[in-house]
Amino acid sequence: MANGNAVKVQFAVETTYGTVPTMAKQIRIASEGFKYSPEKKDEGLLTGGKSSGRVYTTSIKADGSLSTNVRPDEVGYLIGTALGAEGTPALVVGSTGAYKHTFTSIGNAETDILPSLSFVVDRIVEAYAYAGCKVNTLSFNAQPGDILKVDVSLVGKDEVVGTVQTGLTVSPLLPFRFANGSVKIGGSTVADITSLKFEYNNNLSASTQTMSTGLYFKEPQVGVRDIKTDVEVEYTSASDAIKTNYFKTDDDVSLEINFTSTEEIEEGFPYSMKIVIL
């Protein structure tokens with residue numbers, strides 16, 4: 001019998017959509033939900049028999065999800081493939097080895113296409129690869145006394161037998177924690193936050209099948225993106241002012257979410273993550 005605790009998950013960014021590359025990273029997971037999702041239909045004809053007619057596969061896709069803790073050297077892959085555009089890494093001023101990685105959302109032009117990932121899931125009995133996976137939703141959740149968690153849902157192209165890459169090891173870094181976080185609204189730090197949820201939804205268009213794609217669907221494209229943040233705080237005059245000045249007036253406001261690790265890249269330069277919504 002396969003034990004869920006022994007499951008291995010590896011992934012890599014694809015250079016060609018739907019083509020499985022050599023795996024580059026191995027991550028710890030809390031859960032995974034990758035699966036082969038074909039559509040099968042019967043002929044729809046009267047057979048004169050006791051059952052329906054012959055059944056055929058009419059389309060093929062794969063779906064996936066995973067939950068894990070947010071580690072500084074892993075989360076960039078998820079953010080980068082969810083948003084789609086990465087700037088040139090820049091050396092942080094005063095540092096010799098700390099770099100700032102900046103990710104932004106792709107545009108809406110025909111040539112603006114999200115990068116895709118391949119995952120290999122080794123469930124002991126068999127290892128399967130899930131190709132052409134694009135991030136549909138990326139959700140962060142921080143609760144008191146807990147670790148910052150991330151849930152990812154993906155739309156994939158296909159499932160094939162996979163190859164586990166030997167020599168890969170999981171990250172040695174500590175995950176971000178609730179106590180490491182802070183939030184700014186309208187440029188001002190919000191005090192006494194008791195929980196934080198953030199979701200980025202690409203609303204992928206992934207249901208177009210043509211004669212050119214055969215049994216598969218066209219490469220998923222970004223739809224109308226939704227970005228939602230749920231911040232719970234203790235009720236004070238300051239938190240009430242946020243509701244009065246922004247929520248009730250329907251005014252636009254900037255949001256900044258920060259997490260800083262207790263571990264450092266080098267002395268004076270800790271690992272950190274910043275999400276900015278303008």
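Here is a short exchange about two residues and the largest pocket of a predicted model.

Analyst: Local features in this predicted model need pLDDT of at least 70, side-chain atom pairs count only at pLDDT 80 or more, and totals for chains, interfaces and linings use all residues. Residues are numbered from 1 along each chain as its sequence is written, and side-chain values use heavy atoms, with hydrogens and water left out.

User: Why is Asn 201 called buried?

Analyst: Happy to explain! Its relative accessible area is 12%, and buried means under 20% (1.4 Å probe, protein chains only), so Asn 201 counts as buried.

User: What makes Asn 201 and Asn 203 a polar contact?

Analyst: A polar atom of the Asn 201 side chain lies 2.7 Å from the backbone nitrogen of Asn 203. The cut-off is a pair of N or O atoms within 3.5 Å, where one must be able to donate a hydrogen and the other to accept it; residues adjacent in sequence count only if both atoms are side-chain atoms.

User: Why does Lys 25 have no salt bridge?

Analyst: Good one! The nearest side chain of opposite charge, Asp 73, is 4.2 Å away, whereas a salt bridge needs a side-chain nitrogen of Lys or Arg within 4 Å of a carboxyl oxygen of Asp or Glu, so Lys 25 has none. Still, the backbone oxygen of Asp 73 lies 3.5 Å from a polar atom of the Lys 25 side chain.

User: What supplies the largest share of the lining of the largest pocket?

Analyst: That is S21, with nine residues.

Definitions and conventions. Buried < 20%, exposed > 50% of the residue type's maximum accessible area, 1.4 Å probe, protein only. Lys, Arg positive; Asp, Glu negative; His and termini not counted. Helix = DSSP H or I, 4+ residues; strand = E, 2+ residues; numbered from the N terminus.
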